[in-house]
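Work through the exercises below with the sequence and the model open. Each task is followed by a solution in steps.

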Amino acid sequence: MKVPKRLQPLVDDGLVDEVLYQLMSGKEAQVYVVRCGDQLRCAKVFKEAQKRSFKQAVEYQEGRKVRNTRRARAMNRKTKYGQKEQESAWLNAEVDALYRLASAGVRVPEPFGFVDGVLLMELVADDAGKAAPRLDDVTLTPEQAVDYHHRVIADVVRMLCAGLVHGDLSEFNVLVDAEGPVIIDLPQAVDAAGNNNAERMFQRDVDNMRRYFGRFAPELLKTDYAGEIWALYESGKLHPDSQLTGLFTRDETNADIDEVMEVIDAAKEEERERRERLQDDDDDD
């Protein structure tokens with residue numbers, strides 16, 4: 001096929017020998033199957049910010065750290081330079097997440113490089129060497145559903161132990177190759193400790209997997225791995241090999257609003273007295 005404009009630099013630099021066909025076009029990127037030497041790989045071409053339909057970038061970017069203080073200030077002030085750097089940080093997030101998760105033992109596509117908004121990575125393939133189907137495109141036996149659910153949950157645990165939450169995990173972001181599930185699409189991965197929305201996103205990710213696999217194995221619908229895993233994470237007891245039961249009793253106790261308000265009022269009074277003491281000290285000087 002004709003080489004897309006965004007892929008031409010990779011062809012010119014010898015990173016890609018031939019563009020074979022477009023595999024998919026999504027809300028954030030277009031993915032092509034390319035030939036690199038004697039290997040087939042994927043080239044994920046991220047769409048420009050104004051052409052993406054993913055509208056929740058701010059929510060997902062909370063907690064992402066920027067080492068360069070000038071960049072961080074510009075991003076916070078939303079200057080033209082800052083917007084450019086924000087876009088760069090967003091695009092690099094998936095590359096960083098892939099390397100981080102691969103080293104943590106999570107089944108994700110192997111990354112091979114990132115050039116001018118194009119991510120070159122492993123082509124996840126089926127037995128015939130063709131692009132592997134999405135989880136949504138396969139029919140599972142009850143036994144396969146339980147097995148695959150167990151594997152995905154194990155990867156979700158490894159991901160959380162590595163400090164990340166996928167943030168958009170569903171049957172559309174999991175491929176199935178000859179060895180089982182492979183998690184994909186990570187530009188929106190969030191920092192588990194630094195993002196106030198991390199717990200909610202984690203709950204949604206795990207619940208999405210429960211709902212999907214529960215179609216084939218209804219007993220999974222009775223599990224609550226999200227609550228169990230997050231409780232272990234918050235208590236510092238979660239590790240990649242944690243033995244899970246899928247059982248979790250949530251605290252349904254209603255907060256005592258009057259007690260909470262008393263604590264707040266006491267804190268305000270303490271702060272008022274502290275300020276008065278400081279003012280008295282200043283007057284004495």
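**Exercise 1. Two packed helices**

At what angle do helix α5 (residues 142-161) and helix α7 (residues 225-234) pack, and how far apart are their axes?

Solution. The model is a predicted one, in which local features need pLDDT of at least 70, side-chain atom pairs count only at pLDDT 80 or more, and totals for chains, interfaces and linings use all residues. Residues are numbered from 1 along each chain as its sequence is written, and side-chain values use heavy atoms, with hydrogens and water left out.

Step 1. Helices (H or I, at least four residues) and strands (E, at least two) are DSSP runs, numbered from the N terminus. Axes are lines fitted to C-alpha atoms, for helices over the stretch in contact, and angles run from 0 to 180 degrees between N-to-C directions.

Step 2. The angle between α5 and α7 is about 25 degrees, and their axes lie 11 Å apart. That makes α5 roughly parallel to α7; the cut-offs are under 35 degrees for roughly parallel, over 145 for roughly antiparallel, 65 to 115 for roughly perpendicular, and oblique for the rest.

Step 3. The contact (heavy atoms within 4.5 Å) brings His149, Ile153, Val157 and Leu160 of α5 against Tyr225, Ile229, Trp230 and Tyr233 of α7. By class, the residues of this contact are 7 nonpolar, 1 polar and no charged. Here Ala, Val, Leu, Ile, Met, Phe, Trp, Tyr, Cys and Pro count as nonpolar, Asp, Glu, Lys and Arg as charged, and the others, Gly among them, as polar.

**Exercise 2. The other partner of the contact analysis**

State how α5 and α6 are oriented to each other, and list the residues that meet.

Solution. Step 1. The axes of α5 and α6 cross at roughly 170 degrees and come within 10 Å. The two helices are therefore roughly antiparallel to each other.

Step 2. From α5, the contact takes in Ala145, Tyr148, His149, Val152, Ile153, Val156 and Leu160; from α6, Phe202, Val206, Met209, Arg210 and Phe213. These residues divide into 10 nonpolar, 1 polar and 1 charged.

**Exercise 3. Surroundings of α7**

Which residues of α7 are buried, and what does their cover include?

Solution. Step 1. Buried means under 20% relative accessible area, exposed over 50%, and partly exposed in between (1.4 Å probe, protein chains only). In α7, the buried residues are Tyr225, Ala226, Gly227, Glu228, Ile229 and Trp230.

Step 2. Their cover includes α5, β6 (164-165) and α6 (198-214).

Step 3. Just after α7, Gly236 has a positive phi of about 75 degrees.

**Exercise 4. The sheet**

In what order do the 5 strands of the open sheet lie, and which strands stand at the edges?

Solution. Step 1. Two strands pair if DSSP finds at least two bridges between them. The order is β1-β2-β3-β5-β4, with antiparallel pairing.

Step 2. β1 (18-25) and β4 (111-115) are the edge strands; each has a single partner strand, so one side of each is left without a neighbour in the sheet. Direction ignored, neighbouring strands are turned by 25 degrees against each other on average.

Step 3. Go along the sheet pair by pair.

- β1 and β2 (residues 29-36) are joined by 6 bridges, and Met24 stands opposite Val31 in β2.
- β2 and β3 are joined by 8 bridges, with Tyr32 partnered by Ala43 in β3.
- β3 and β5 are joined by 5 bridges, with Ala43 partnered by Leu120 in β5.
- β4 and β5 (residues 118-122) are joined by 4 bridges, with Gly113 partnered by Leu120.

Step 4. Look at the turns. The hairpin of β2 and β3 has 2 residues between the strands, and Gly37 in its turn has a positive phi of about 65 degrees. The hairpin of β4 and β5 has 2 residues between the strands, and Asp116 there takes a positive phi near 50 degrees.

Step 5. In β3 (residues 39-46), 6 of the 8 residues are buried, so this strand is largely enclosed by the rest of the structure.

**Exercise 5. One glycine**

Is Gly180 buried or exposed, and which residues does Gly180 touch?

Solution. Step 1. Gly180 belongs to strand β8 (residues 180-183). Gly180 is buried, at a relative accessible area of 0%.

Step 2. Leaving out residues up to four places away in sequence, Gly180 touches Arg107, Tyr148, Arg151 and Leu175.
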